[in-house]
Amino acid sequence: MKNFIVKPSGVQGKGVFAVRNFRQGEKILEIDDSHIVYDEATLTDDDWKYNADVVDGKIVIMQEPERCINHSCAPNSYTKTTQQIRTLFAMRDIAAGEEITYDYAINGDNDGAFPCQCGTTRCRKTYLGNYFKLPFDFQREYLPYLEDWFVQAHKDEIEALKNTISRQTIPPFTIFPAIDLRNGKIVRLAQGDPTRQTTYGDDPRAQAEQFKAEGADWIHVINLSGAFGEDAQANLKALEAILSVGLKVEFGGGIRDEETIRIPLEMGAERVFLGTAAIQNPALVDWAIARYGPSRIAADIGVRDGQVMVKGWQESTPLTMLEAGNRFRAQGLEWCVLTDVRRDGVGTGVSVDSAVELQTATSLKVVASGGVSSLEDVIRVKKAGLAGVIIGRALYEGKLSLEKALLESV
Ligand SMILES: [Zn+2]
């Protein structure tokens with residue numbers, strides 16, 4: 001089946017259009033880099049309209065379809081070259097009928113400049129052919145799409161850019177002591193299993209007071225009753241008691257519709273986090289971000305063996321962690337709690353690598369959860385540059401002092 005056609009484009013001249021849907025990362029076409037070289041005298045106006053270029057003093061016309069792939073400041077494809085073959089891949093999901101574009105400044109180090117009329121909301125108006133002259137946000141976004149040869153050729157500049165990015169994007173580190181609520185009581189589950197429950201107390205307000213006295217700014221509150229489809233009224237009362245202490249609270253568990261987002265936020269919670277609903281109901285995430293802004297909405301994903309889990313982490317989905325994360329970022333989410341389901345509540349050490357992978361690949365602020373059992377775990381998470389860590393069982397069992405952890409985190 002043919003992947004694309006060449007036809008007149010709204011951007012300029014002819015363009016290359018997808019004739020079927022492409023998934024993010026999928027190969028679209030191979031580009032033949034054996035250029036056709038013409039004398040200038042033989043060029044038609046049409047040739048000049050496309051990618052006629054001067055290389056080593058010769059006029060170079062690329063073949064179709066390559067010569068017809070238009071530039072866009074909001075591209076949907078990128079190239080990778082191996083053994084002289086350039087392959088075009090989808091940068092995001094592409095629908096049949098969309099024009100396939102790339103940003104000419106990716107892997108660009110020339111001083112070309114021309115007016116851009118790509119018509120996208122991200123249009124830079126003047127196209128510059130030099131990646132390093134792009135606005136910073138574009139450079140950061142395109143960094144993973146640079147070709148190896150380009151990175152090799154510009155080692156020092158790339159290194160400097162990476163340093164700038166890590167300085168600018170390392171978020172402040174936050175420790176979130178957790179209160180898991182079931183029927184108004186403070187509990188912890190092992191590996192998310194509702195039958196493996198330990199009850200730690202029945203006074204959520206006193207617990208919140210204690211966290212405050214130890215220096216916490218935030219509390220991570222999980223409504224397990226909501227997550228398991230049980231009556232959540234007692235937990236909402238507990239939330240009210242926790243909020244009365246005056247710390248910032250993020251609240252989640254059983255968030256599945258506009259109502260369950262609205263109630264805790266209007267009660268005074270700073271942020272809600274969506275688990276199953278973030279995966280299964282993207283429209284709800286869009287609604288929540290539009291209404292409350294991205295700082296007040298977070299995704300909370302559990303991952304087991306690389307797959308995203310839903311329904312209180314009892315059911316697996318076909319989505320990988322990075323697929324879910326990329327989707328959240330594209331939707332405008334900024335925060336993501338990542339739980340390694342196997343490690344949660346069993347104190348086997350936090351999974352830093354996957355959290356770093358998620359944060360690096362998506363620029364989400366990733367909060368690691370599950371498996372924190374010592375001060376060393378907290379220090380590892382902070383050193384890895386993650387946005388924060390959630391600590392539960394280790395606090396309740398006295399294995400870790402919140403006060404000491406907070407002192408380490410500044
Ligand atoms: Zn443009």
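## A first look around helix α8, two sheets and two cores

Helix α8 is followed by glycine 268, whose phi is positive, near 125°. This is a predicted model, and the end of α8 is a handy place to start a tour of it.

**Helix α8.** Which residues of α8 are buried? In this helix, which covers residues 258-267, they are Thr260, Ile261 and Pro264. Because they cover an arc of only 105° around the axis, they lie on the same side of α8. Turn to the other side of the helix and you will find Glu258, Glu259 and Glu266, which are exposed. What do the buried residues of α8 pack against? Their neighbours are two helices, α7 (233-243) and α10 (282-292), along with two strands, β17 (248-252) and β18 (271-274).

**Two open sheets.** Now let us move on to the strands. One open sheet is built from 3 strands in the order β3-β9-β8, and its pairing is antiparallel. Here β3 (27-31) and β8 (77-82) are the edge strands; each has a single partner strand, so one side of each is left without a neighbour in the sheet. On average, neighbouring strands of this sheet are turned by 25° against each other, direction ignored.

Another open sheet has 4 strands, ordered β1-β2-β10-β7, and in this case the pairing is mixed. Its edges are β1 (4-8) and β7 (70-71), each with a single partner strand, so one side of each has no neighbour in the sheet.

The table sets out one antiparallel strand pair from each sheet, with an example of bridge partners.

| Strand pair | Bridges | Example of bridge partners |
|---|---|---|
| β8 and β9 (residues 85-90) | 6 bridges | serine 77 and alanine 90 in β9 |
| β1 and β2 (residues 14-18) | 5 bridges | isoleucine 5 and phenylalanine 17 in β2 |

**The nonpolar cores.** How many residues does the largest nonpolar core have? It has 73 residues, and those with the most contacts inside it are Cys336, Val366, Val367, Ala368, Val389 and Ile391. To get a feel for these contacts, take a look at isoleucine 391: leaving aside residues up to four places away in sequence, it touches Ile175, Pro177, Ala178, Val372, Leu400 and Ala405. There is also a second, separate core of 24 residues, which includes Ile28, Ile69, Leu88 and Leu134.

Key: Residues are numbered from 1 along each chain as its sequence is written. This is a predicted model: local features need pLDDT of at least 70, side-chain atom pairs count only at pLDDT 80 or more; totals for chains, interfaces and linings use all residues. Two strands pair if DSSP finds at least two bridges between them. Axes are lines fitted to C-alpha atoms, for helices over the stretch in contact, and angles run from 0 to 180 degrees between N-to-C directions. A residue is buried if 20 or more other C-beta atoms lie within 10 Å of its own, exposed if 12 or fewer, and partly exposed in between; C-beta atoms are placed from the backbone. The arc is that of the directions from the helix axis to the C-beta atoms. Two residues are in contact if their C-beta atoms, placed from the backbone, lie within 7 Å. A nonpolar core is a set of buried Ala, Val, Leu, Ile, Met, Phe, Trp, Tyr and Cys residues joined through C-beta atoms within 7 Å.
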